[in-house]
Number of protein chains: 2
Amino acid sequence: MEKQEAFSHWKQQSLRKADVSKKGSVDEDIEETVRLINQQERYFTTSSCSGRVIMINETLDSSIIQKQNCSWLFVTHQLCKPDDVFAALKNATGDVVLKFEPFVLHVQCHKLEDAQILHGVAINSGFRNSGITVGKKGKIIMAVRSTHGLEVPLTQNGKCLVSQEYIEFLVQTANRKMEENKRRITRFHSCLLKALQKGDCAHDAPSKEQAPSCVYVRRRKRKDRSRKSNCSSSEEEHSDSEPELTLLNDP
Amino acid sequence: MEKQEAFSHWKQQSLRKADVSKKGSVDEDIEETVRLINQQERYFTTSSCSGRVIMINETLDSSIIQKQNCSWLFVTHQLCKPDDVFAALKNATGDVVLKFEPFVLHVQCHKLEDAQILHGVAINSGFRNSGITVGKKGKIIMAVRSTHGLEVPLTQNGKCLVSQEYIEFLVQTANRKMEENKRRITRFHSCLLKALQKGDCAHDAPSKEQAPSCVYVRRRKRKDRSRKSNCSSSEEEHSDSEPELTLLNDP
């Protein structure tokens, strides 16, 4: 089978498969982006999450490796309210952790060049931990990942260790991250449209959507960034330094 | 210039450069691994951090995008004590966040195959967010990244929002993660040695070190994992589900 044919076959099979997630469908905020990607001959998405606030209850085994007894107390893909957290905490029996997990997307790509285009779009939209995986059989996956997170223990053995005031502040923090996450998703979509229209994927079906004009510029220079780092680093640093992006009008 | 020659030149230049990090040297726990990688003709490290607990004080601008006024109150690459955190909190003037940041390593690779070998080693050692970046000029970087993290707000405008008991529990949690991180670094080193000795990089200078026999097996099956996910996912899920690895003896 031709390489292109094999990829198409793979894509058809993957898109026909039932969505195995609990929710059973793509998250609302990224539906359009997922659709746009799957419209391109050379791409198909294999997993996605628009970003979420989640509370996990871990019981029994305290080791990090074993996590068999872990249930969800609460999850939302939108902004959350302190009351959501208070209500969920009533069901705490073990160690509850509240997390904000940003947008994540996995896209299988036909060729390495196709993955490189998507990777550039992801990095320029602020998803700095994005990367490409090349399997032994030539399966190429581009993963969109952010450095943005929040992971906060709230209870120990069911006993709440934090105050109401703290939870209110935490919810504010999580919501600010969720809003920034949504802005980045919007950027990702715009930059993707632009990259596709630019002719990088000229052989794919053209999209009818319009790409807003945008150029994103990293504001902080590498020199400044490396000055801040206390780790051996000449290339990239830990996630405490989010890239600073500014939206400029592209005349 | 030949491609191999160009890469060697690049490597020499990079390794000759001064270490621009505050610390100015590679972290102790990964010195041996960094040395092993740099001994191979086809690899050189461009940045690294063995993992750290860090407390950051953010002042002035509350927006996530602007982080100009951010200073470090405390950092350690080893286990930490509650007293370290209490002492650092005395200098809090803004919003203090305590983070555990796991091992991170960036390696420039000669060919894509070389990056694939390292990527396999990273994934099999538990560093699931690892990925490859291919630049427009053909620069290939493999990034070792973990899904393991902790990011906990402690103060708002200099005012501490958490109790002593909570900080003690948090330090325990951070130290548990640090210990697991160190175990994964050891795995990474062993698996790397094994991959190099296996002849995957037979054309490189052979290492004199001995690789312990090890095979790491993911214990949880994909089916089980996808059942847990509430996001559209047929491939990979969010970082709440660390891969479960078991060390088996390789006869």
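The exercises below, each with a worked solution, concern a predicted model.

**Exercise 1. Confidence along chain A**

Task: State the mean pLDDT of chain A and find stretches of chain A where pLDDT is below 50.

Solution. Begin with the chain as a whole: chain A has a mean pLDDT of 80, and 75% of its residues reach 70 or more. Next, look at residues 201-237 of chain A, where the pLDDT is below 50. The model still gives this stretch 118 contacts beyond near neighbours in sequence. Then take residues 239-251 of chain A, over which pLDDT stays under 50. For residues 239-251, the model has 51 contacts beyond four places in sequence.

**Exercise 2. The buried side of a helix**

Task: List the buried residues of helix H3 of chain A and determine how they are arranged about its axis.

Solution. Helix H3 of chain A covers residues 82-89, and its buried residues are A:Val85, A:Ala88 and A:Leu89. Viewed down the axis of H3(A), the buried residues fall within an arc of 100°, so they line one face of the helix.

**Exercise 3. Nonpolar cores**

Task: Identify which residues touch the most other members of the largest nonpolar core, and list the contacts of B:Phe188.

Solution. The largest nonpolar core has 55 residues, and A:Phe188 and B:Phe188 touch the most other members. For B:Phe188, set aside the neighbours within four places in sequence. The contacts that remain are B:Thr33, B:Ile37, B:Phe103, B:Leu105, B:Leu118, B:Val121, B:Ala122, B:Ser125, B:Phe127 and B:Val144. Another core, of 46 residues, lies apart from this one; A:Phe74, B:Ala88, B:Leu161 and B:Val171 are among its residues.

**Exercise 4. Salt bridges between chains**

Task: For the salt bridges B:Lys177 to A:Glu151 and A:Lys159 to B:Glu165, give the location and the burial of each partner.

Solution. Side chains of opposite charge can pair when their charged atoms come close. In the B:Lys177 and A:Glu151 pair, the N to O distance is 3.0 Å. This pair crosses between chains, from helix H5 (residues 164-200) of chain B to strand S8 (residues 150-153) of chain A. Buried means under 20% relative accessible area. B:Lys177, at 8%, therefore counts as buried, and A:Glu151, at 13%, also counts as buried.

In the A:Lys159 and B:Glu165 pair, the closest N and O atoms are 2.6 Å apart. A:Lys159 lies in strand S10 (residues 159-160) of chain A and B:Glu165 in helix H5 of chain B, so the pair joins two chains. A:Lys159 is partly exposed at 45%, and B:Glu165 is partly exposed at 37%.

**Exercise 5. Salt bridges within a chain**

Task: Find which parts of chain B are tied together by the salt bridge of B:Lys182 and B:Asp29, and name the members of the salt-bridge network that includes A:Glu180.

Solution. The closest N and O atoms of B:Lys182 and B:Asp29 are 2.2 Å apart. B:Lys182 lies in helix H5 of chain B, while B:Asp29 is in the loop between helix H1 (3-16) and helix H2 (31-39), so the pair ties together parts that are 153 residues apart in sequence. B:Lys182 has 22% relative accessibility and counts as partly exposed; B:Asp29, with 30%, is partly exposed.

In chain A, the network links A:Glu180, A:Arg183, A:Arg184 and A:Arg187. Over all chains, the structure holds 17 salt bridges.

**Exercise 6. Cysteines**

Task: Count the disulfides over all chains and decide whether A:Cys109 is buried or exposed.

Solution. A search of the whole structure finds zero disulfides. A:Cys109 has a relative accessible area of 2% and is buried. B:Cys49 is buried, with 1%.

Technical notes
Residues are numbered from 1 along each chain as its sequence is written. Chains are lettered from A and ligands numbered from 1 in the order in which they are written. Side-chain values use heavy atoms; hydrogens and water are left out. Buried means under 20% relative accessible area, exposed over 50%, partly exposed in between (1.4 Å probe, protein chains only). Helices (H or I, at least four residues) and strands (E, at least two) are DSSP runs, numbered from the N terminus. The arc is that of the directions from the helix axis to the C-beta atoms. A nonpolar core is a set of buried Ala, Val, Leu, Ile, Met, Phe, Trp, Tyr and Cys residues joined through side-chain atoms within 4.5 Å. Contact means heavy atoms within 4.5 Å. pLDDT is the predictor's confidence in each residue, from 0 to 100. A salt bridge is a side-chain nitrogen of Lys or Arg within 4 Å of a carboxyl oxygen of Asp or Glu. A disulfide is a pair of cysteine sulfur atoms within 2.5 Å.
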